[in-house]
Amino acid sequence: MAKEKPGTLQIKSFGDHHVITQPNPLRKVLLRVPESDLDDPVGRAEKALAGLSGEFKNWMAIEADRLSAAHAAVLRDGFTLDNREELFRAAHDIKGDAATFGFPSAGAAADSLCRIIEHAPDLDQVPADLITHHINAIQAIVRERTKLDTAVMASKLSKQLRGVADEFLLKVNRDRPEHLEAILAPSIVPAE
Amino acid sequence: MYRIDFNKLRFLICDDNPHMRRILRTLLHSFGAREVYEAEDGATALEMYSHYVPDIVITDWAMPIFDGLELAQMIRQPESKGNPYAPIIMLTGHSEKRRVTVARDAGVTEFLAKPISAKGLYQRILNVVASPRPFIKTKTYFGPDRRRNTNNTYIGPERRVGGEMEVMQQPSLLDKARSGI
């Protein structure tokens with residue numbers, strides 16, 4: 001960026017706080033253009049993202065395998081602090097990335113798994129099958145993606161998993177209002 | 001109509017997931033950005049923040065050891081050598097409303113829940129470029145004004161009445177950060 005002239009900070013003081021205003025240092029990157037300007041940075045970016053899509057299935061497989069490895073560590077050693085963290089991070093990454101990679105139902109299943117890890121009072125008391133079903137569902141969704149009816153089946157599967165997980169979480173958190181509130185609160189991300 | 005000249009912006013992105021960094025880099029380059037620096041953890045991002053003096057920071061939340069929230073808190077230290085005023089966009093898989101509040105209270109400027117979209121990212125960047133908010137300093141908070149809207153029906157104490165304006169001549173924040181003052 002071009003070198004800025006010395007600017008001024010305006011500080012307005014009140015009883016218990018200050019309001020600090022500075023001249024917008026980024027104003028010089030705002031260009032006024034005519035309505036006829038056809039530049040479409042969002043359209044360009046969407047095309048570029050579509051251009052990456054050939055790699056998405058491979059990336060998704062890598063993330064699913066990472067999740068399976070984290071789960072294997074839990075099955076072997078139980079829920080240690082590190083195992084729990086790695087399982088959560090692996091699931092959390094899939095939750096955030098899967099829809100971008102074209103696997104929204106895997107993201108939904110990963111979200112359900114994240115909720116179990118975050119809100120179960122004692123992870124050792126979570127039915128082992130519940131977590132295993134989540135892991136298996138994500139792997140199946142990723143592997144079977146190219147088959148017919150997969151999207152519909154994947155969506156149904158992830159919704160069923162979420163239903164079972166939520167039923168469990170509501171039951172074990174009945175005396176923990178903060179967790180209940182978080183479990184029942186709507187997501188800020190629009191539904192699939 | 002306004003357009004952003006991305007060629008003049010310097011970005012720092014921080015995410016421990018290499019796939020997400022690749023996606024962010026692709027989107028920013030497609031917007032027209034040429035200077036995009038990457039960090040895979042909060043500690044490295046903090047070092048790069050001091051070194052490269054980015055105009056905008058885009059950070060993930062959940063990262064091992066030193067996460068995005070801590071990065072935002074460190075950047076927002078008003079006594080730090082670096083620029084505490086840079087816009088911070090938090091891009092995260094966390095989707096609960098309470099997380100938005102926590103991020104806001106850590107001094108994050110904009111919050112973008114994954115899955116990422118080109119339009120969502122562009123809009124957040126446009127917000128911080130075209131509509132920067134003043135900063136608030138209290139005993140427990142330093143960061144962008146957390147008030148987004150004016151509530152005409154608010155009934156209650158008003159803390160911003162009166163007050164004294166003080167104009168301080170200072171070198172620009174960019175020069176201050178680069179000179180290490």
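# A tour of helix α5(A) and strand β2(B)

Select α5(A) and colour A:Ile131, A:His134, A:Ile135, A:Ala137, A:Ile138, A:Ile141 and A:Val142: these residues are buried (20 or more other C-beta atoms within 10 Å of the residue's own; exposed means 12 or fewer, partly exposed in between, with C-beta atoms placed from the backbone). Looking down the helix axis, the buried residues of α5(A) fall within an arc of 155°, so they line one face of the helix (the arc is that of the directions from the helix axis to the C-beta atoms). An α-helix has 3.6 residues a turn, so residues three or four places apart point the same way.

The model is predicted: local features need pLDDT of at least 70, side-chain atom pairs count only at pLDDT 80 or more, and totals for chains, interfaces and linings use all residues. Residues are numbered from 1 along each chain as its sequence is written, while chains are lettered from A and ligands numbered from 1 in the order in which they are written.

Stay on α5(A) and turn to the other side, where A:Ala128 and A:Asp129 are exposed. Next, show α2 (53-77), α3 (81-97), α4 (104-119) and α6 (150-172) of chain A; the buried residues of α5(A) pack against these helices. For the length of α5(A), pick the C-alpha atoms at its ends: they are 23 Å apart, which agrees with the 22 Å that its 16 residues (128-143) should span at 1.5 Å a residue (1.5 Å times one less than the number of residues).

Zoom out to chain A, which has 7 helices and 3 strands (DSSP runs numbered from the N terminus: H or I of at least four residues for helices, E of at least two for strands). Along the sequence the pattern is β-β-β-α-α-α-α-α-α-α. The C-alpha atoms of chain A fill a box of roughly 65 × 50 × 30 Å along the principal axes. Of the 192 residues of chain A, 29% count as buried.

Now select β2(B), residues 10-14: 4 of its 5 residues are buried, so the strand is largely enclosed by the rest of the structure. Add β3(B), residues 35-39, which pairs with β2(B) in the parallel sense over 5 bridges (strands pair if DSSP finds at least two bridges between them). B:Cys14 stands opposite B:Ala39 in β3(B).

Then add β4(B), residues 56-59, which pairs with β2(B) in the parallel sense over 4 bridges. Here B:Cys14 stands opposite B:Thr59.

Note on methods. Contact = placed C-beta atoms within 7 Å.
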